[in-house]
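Student: I would like to go through this structure with questions and answers. Please take them one topic at a time.

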Amino acid sequence: MSATESSAGFGALLGSLGGGSTDLIAQVLAAVKEHVGADMSFLAEFRGDVKIIRRIIATGTPSLVEGICLPLEATYCSRVVCGKLPNLILDARSDPRVRDLPITAELDIGSYLSVAVTLPDGRVFGTLCCIRHEADPSLDQRDVRFMRVLGDLIGTQLGRDEAARSERAIKSERIGQWLDGGPRMVFQPIVSLATGLIVGAEALARFEAEPSRSPDRWFAEAWDVGMGLELEVVALRNAIGALDQLPLGAYLTVNASPATLLSDAFAAAVLGVPRNRLVVEVTEHAMVEAYEPLVNVVKRLGAQGIRVAIDDAGAGYAGLCHIIQVAPKLLKLDLMLSRDVHADLVKQALVSAVVGFGLRAGVDIVAEGVENAEDANTLRRLGVPYGQGFHFARPGAMPAQLELAH
Ligand code: C2E
Ligand code: MN
Ligand code: MN
């Protein structure tokens, strides 16, 4: 590949030297400079007809600085990459191949060592170079090999950075498409285990797009690219928008992570929601760092007539300390606890304990993921007041009345 060919399409690499590679490149440049006893070492990027000095480490006042562009054809580097010059020049001032090039005098080049930096897909990024003002007859192929290893290391890192950036761009675009209209919401009834009547419904997001995957994966990706709050809030708005279709006397639950609960966007979205009709299920996917702000929001919402529930209690981070601190009005037992509870004495013991806690602390308990009559009966017998799951209804259209159609 010629230097000119290789330099096409490097736009995306301009930002390559940020983040993780910055330290690595500085370390590599320091290592080669030290090893060769050079006056300067630098990483250059080839872009079109120019070579840009991206990072440089030099002794004294260097004749090159970061960001400077040199015409590619004037440099040694381009000749090295296309094989017109060797990687190593021991005495530039007496070498007929380079002694008359203006750059030899301009940069006061005595000895010179350079290797191509190639990206994992084979494109040439540029070069890793060392310049010493003195001629140095002691440099040899072993030094070239050492530089090659380090040049490869930089190339691999730049490739990784580029891949990470393009993956992030794909994710951002994928999430961005939902930020205007938001996902479609479906609703799953929460029923009284004693009467079978609907007491509430949970709003669940449906992302009908590729890749096909569960909503929590969509939200996780959104958080990954810094759009989690926005996505949660559009879903929340869509859910609240359906509140007036919910039978009177029933409540609607919506999911939100603690960060969303603390945001102004959340406060704005729930402003003016009728009292006692909304429950916010706090879904925990990471450790809460400070409880005080969360506790304050829970109190403020309570004063507004909005209750807070803890989702997936018994799984992951929704542990006992979390429950005590947040002091929710409602606890949703993780579906692991409901599954096959009829055949599992240990699960029954734990559910009983939670029921006792609920009674004494004034916390309503909802068992999630109730899939069959045996589990529903066992949960009712253990005193769990409410259940939700495929046994009663799958998530779907908003239930029109408080009785389930069977
Ligand atoms: P979740 O809040 O714990 O929701 C309950 C999940 O259990 C739902 O999965 C529901 O479809 C599923 N489910 C209901 N009954 C049964 C059952 O009997 N058996 C089994 N195996 N599963 C049952 P879904 O809808 O796939 O949602 C997954 C998670 O995605 C939710 O878990 C929640 O953490 C998150 N999520 C969904 N919608 C939203 C949303 O609008 N906002 C936020 N922040 N998160 C959401
Ligand atoms: Mn939930
Ligand atoms: Mn849950």
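The questions below cover the sheet, a helix, the aromatic pairs and the metal sites.

Student: In what order do the six strands of the open sheet lie?
Tutor: This is a predicted model. Pairing in the open sheet is antiparallel. Strand 3 (69-71) and strand 4 (88-89) are the edge strands, each pairing on one side only. Read across the sheet, the order is 3-2-1-6-5-4.

Student: Which residue of strand 5 is the bridge partner of Leu-88?
Tutor: Strand 4 and strand 5 (residues 111-118) are paired in the antiparallel sense, over two bridges. In strand 5, the bridge partner of Leu-88 is Leu-113.

Student: What angle does the direction of helix 5 make with that of strand 5?
Tutor: Helix 5 (residues 141-176) packs on the sheet. Its contacts are with strand 1 (40-47), strand 4, strand 5 and strand 6 (124-132). Relative to the direction of strand 5, the angle is about 35°.

Student: How far does helix 7 reach from its first C-alpha to its last?
Tutor: Helix 7 (residues 228-241) has 14 residues. Its buried residues include Leu-231, Val-234 and Ala-235. At 1.5 Å a residue the expected reach is 20 Å, and the value in the model is close to that, at 20 Å.

Student: Are Tyr-76 and Tyr-112 stacked or edge-to-face?
Tutor: The structure holds five aromatic pairs, and Tyr-76 with Tyr-112 is one of them. The pair links helix 3 (residues 76-81) to strand 5, with the two positions 36 residues apart in sequence numbering. Tyr-76 is buried at a relative accessible area of 2%, and Tyr-112 is buried at 2%. Their centres are 4.6 Å apart with 65° between the planes, and an angle over 60 degrees counts as edge-to-face.

Student: Are Phe-207 and Trp-218 stacked or edge-to-face?
Tutor: Phe-207 lies in the loop between strand 8 (198-206) and helix 6 (215-224), and Trp-218 lies in helix 6. Phe-207 is buried, with a relative accessible area of 8%, and Trp-218 is buried at 0%. Ring pairs also link these two with Trp-178 and Phe-219 into a cluster. The centres of Phe-207 and Trp-218 are 5.0 Å apart with 15° between the planes, and planes under 30 degrees apart count as stacked.

Student: Which residues coordinate the manganese ion (ligand 2)?
Tutor: The donor residues follow the spacing E-x52-N-x25-E-x29-D in sequence. Glu-202 in strand 8 and Asp-311 in strand 11 are 109 residues apart, and both are buried. At 2.0 to 2.3 Å, the coordinating residues are Glu-202 (OE), Asn-255 (OD1), Glu-281 (OE) and Asp-311 (OD).

Student: Which residue bridges the manganese ion (ligand 2) and the manganese ion (ligand 3)?
Tutor: The manganese ion (ligand 3) is coordinated by Asp-311 (OD), Asp-312 (OD) and two OE contacts of Glu-368, at 2.0 to 2.6 Å. The two manganese ions lie 4.0 Å apart. The residue that bridges them is Asp-311.

Student: Why does the pair of Asp-312 and Glu-368 tie together separate parts of the chain?
Tutor: Asp-312 is partly exposed, with a relative accessible area of 22%, whereas Glu-368 is buried at 9%. Asp-312 lies in strand 11 (residues 306-313), and Glu-368 lies in the loop between strand 13 (364-367) and helix 14 (373-381). The pair therefore ties together parts whose separation in sequence is 56 residues.

Methods. Residues are numbered from 1 along each chain as its sequence is written. Chains are lettered from A and ligands numbered from 1 in the order in which they are written. This is a predicted model: local features need pLDDT of at least 70, side-chain atom pairs count only at pLDDT 80 or more; totals for chains, interfaces and linings use all residues. Side-chain values use heavy atoms; hydrogens and water are left out. Two strands pair if DSSP finds at least two bridges between them. Helices (H or I, at least four residues) and strands (E, at least two) are DSSP runs, numbered from the N terminus. Contact means heavy atoms within 4.5 Å. Axes are lines fitted to C-alpha atoms, for helices over the stretch in contact, and angles run from 0 to 180 degrees between N-to-C directions. The expected span of a helix is 1.5 Å times one less than its number of residues. Buried means under 20% relative accessible area, exposed over 50%, partly exposed in between (1.4 Å probe, protein chains only). Donors are N, O and S atoms within 2.8 Å of the metal (3.2 Å for Na, K and Ca); water is not among the atoms, so sites may look incomplete. Rings of Phe, Tyr and Trp (its six-membered ring) pair if their centres lie within 6.5 Å; planes under 30 degrees apart count as stacked, over 60 as edge-to-face and the rest as tilted.
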